[in-house]
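Please look through the sequence and the model shown below before reading on. The report that follows takes up a few topics in turn, and each term is explained where it is needed.

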Amino acid sequence: MSAIMSRQEALIGQTLEELEELMRRWGEPSYRADQLAQWLYRPVASLDEMSNLPVRLRDQLAEETIHHPCSIQAIRHSRDGTRKYLLSLDDGELIESVFIPETDRSTICISSQVGCSMGCTFCATGAQGMVRNLTAGEIVDQVLQVALDMGHTPSNVVFMGMGEPLANYAALLKSIEIINAPWGLNIGIRQITVSTCGLVPVIRRLGKVGLGITLAVSLHAADDQKRTRIMPINANYGLESLMQALHDYVRDTNRRITIEYALMAGFNDSEIDAAQLVRLLGGLLCHVNLIPVNPIRGGRHKRPRLDEVERFQSLLRRGGLQVSIRKERGGDIEAACGQLRGQWEET
Ligand code: SAH
Ligand code: SF4
């Protein structure tokens, strides 16, 4: 058996090219790879359902490969229709994904790592520390597992679950290829958002690739000292280098950037904070998303009242920025931004 199809590597997560290579090695005609991809990347639970593949090929696949790298351990249902999934991986690690229904679309929020090494003080995943990167298959399978449970594939994918996607670059690019490809999940590139805490060199690499995804950047403070206090990454890549990279990204891709700003009462929600943010973002093609910070266990950041959030929004608007307030979804099941931590013993 070759390296690309060892027992550890699942079928979900293979590109069409890799499936073609596998079929060639097994002496199958190459169109089998197209057929296989068509089955793999739609919500199909078992190899037995792949009716146009010969039984002997299905048997060989069952014998020599793993189909899904993730399996659903538990699901929590929110009053607002949001669902949080606890998924287990082959090595027993746990990750979470969130399905968010809206009137005109549905979004799945997926994880890119088990844990995260970035240590942001307001984030439950950060408190967990870094365990390991996910494979492309483990990233893609989150979308498929949720699609299987919901009975349809979500229209939008956001990399805003556990982990820092740009710290898992190769798997991120491969998973985006599969999620977007016509032979894959066929979700439009504009419907895919990747959120980063600001890994400047990787933002630059991503800009050069020019994928057409939406880049979201977690800013949360417009002042270096303040940002470093809540986001240690800022000590390595400060605001000046981050802003330069974002301007270059817009120049290279022509895409508007989403700026995420989690409002923490008494920390980053004053008039001065708003004025600094207006100055920092002036001239950048961007949209600001204000997120009243979600409480995490043992966390020290406080959520501002809605009227304070609206006041901050109007200050930014007056400064010429495009701003929206992100509606909290799934807060009652700890599925909101930053609340994912991949362990449910106490819940
Ligand atoms: N690591 C990436 C993506 C995952 S976090 C990143 O940091 O961007 C997804 C978003 O949730 C980020 O904007 C993150 O800053 C935000 N977030 C984390 N903890 C939060 C919390 N407690 N309340 C609100 N937003 C939070
Ligand atoms: Fe990691 Fe993002 Fe959480 Fe920061 S906010 S610790 S980068 S997952």
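## Where the two domains meet

Between them, domain 1 and domain 2 bury about 1100 Å², with 72% of it on carbon and sulfur atoms; buried area here is the accessible area, found with a 1.4 Å probe, that two parts lose on being put together, summed over both. On the side of domain 1, the residues that lose the most area to domain 2 are Ile12, Tyr41 and Pro43, which together account for 48% of what that side buries. The chain is divided into domain 1 (9-66) and domain 2 (70-346), and these bounds come from an automatic or database domain assignment.

This is a predicted model, in which local features need pLDDT of at least 70 and side-chain atom pairs count only at pLDDT 80 or more, while totals for chains, interfaces and linings use all residues. Residues are numbered from 1 along each chain as its sequence is written, chains are lettered from A and ligands numbered from 1 in the order in which they are written, and side-chain values use heavy atoms, with hydrogens and water left out.

## Contacts across the boundary

Although the C-alpha centres of domain 1 and domain 2 lie 33 Å apart, 16 residues of domain 1 are in contact with 15 residues of domain 2, where contact means heavy atoms within 4.5 Å. The count between the two domains is one salt bridge, a term for a side-chain nitrogen of Lys or Arg within 4 Å of a carboxyl oxygen of Asp or Glu. Lys174 forms a salt bridge with Glu18, and the closest N and O atoms of this pair are 3.0 Å apart.

Helix 1 (16-25) and helix 2 (31-40) each supply at least two residues of the side of domain 1 that touches domain 2, and the largest share of that side, three residues, comes from helix 2. Helices (H or I, at least four residues) and strands (E, at least two) are DSSP runs, numbered from the N terminus.

## Helix 2 and its surroundings

Seven of the 10 residues of helix 2 are buried, so this helix is largely enclosed by the rest of the structure. Buried means under 20% relative accessible area, exposed means over 50%, and partly exposed lies in between, with a 1.4 Å probe and protein chains only. The buried residues of helix 2 are Arg32, Ala33, Gln35, Leu36, Ala37, Trp39 and Leu40, and they pack against helix 1, helix 3 (55-64) and helix 5 (136-150).

## The nonpolar core

The largest nonpolar core has 106 residues, and those with the most contacts inside it are Phe159, Leu246, Ile259, Leu281 and Leu316. Helix 9 (residues 239-253) gives the most to this core, with seven residues, and the core draws at least three residues from each of domain 1 and domain 2. Such a core is a set of buried Ala, Val, Leu, Ile, Met, Phe, Trp, Tyr and Cys residues joined through side-chain atoms within 4.5 Å.

When residues up to four places away in sequence are not counted, Leu246 touches Ile203, Leu215, Val217, Ile257, Ile259 and Leu284. In soluble globular proteins, nonpolar side chains tend to be buried together.

## Salt bridges in the structure

The structure holds 22 salt bridges. One of them joins the side chains of Arg326 and Glu260 (3.4 Å, N to O), and this pair links distant parts of the chain, with Arg326 in the segment after strand 12 and Glu260 in strand 10, 66 residues apart. Arg326 is buried, and Glu260 is buried too.

Arg305 takes part in a salt bridge with Asp307, with the closest N and O atoms 2.9 Å apart, and also in a salt bridge with Glu308 (3.4 Å, N to O). Arg305 counts as exposed because its relative accessibility is 51%, whereas Asp307, at 42%, counts as partly exposed, and Glu308, at 22%, also counts as partly exposed. Elsewhere, a network of salt bridges links Arg204, Lys208, Asp248, Arg251 and Asp252.

## Two residues with positive phi

Asn254 has a phi near 65°, a positive value in a residue other than glycine, and its place is in the loop between helix 9 and strand 10 (257-263). With a relative accessible area of 66%, Asn254 is exposed. Glu334 has a positive phi of about 50° although it is not a glycine; this residue lies in the segment after strand 12 (323-325), and with a relative accessible area of 17%, Glu334 is buried.
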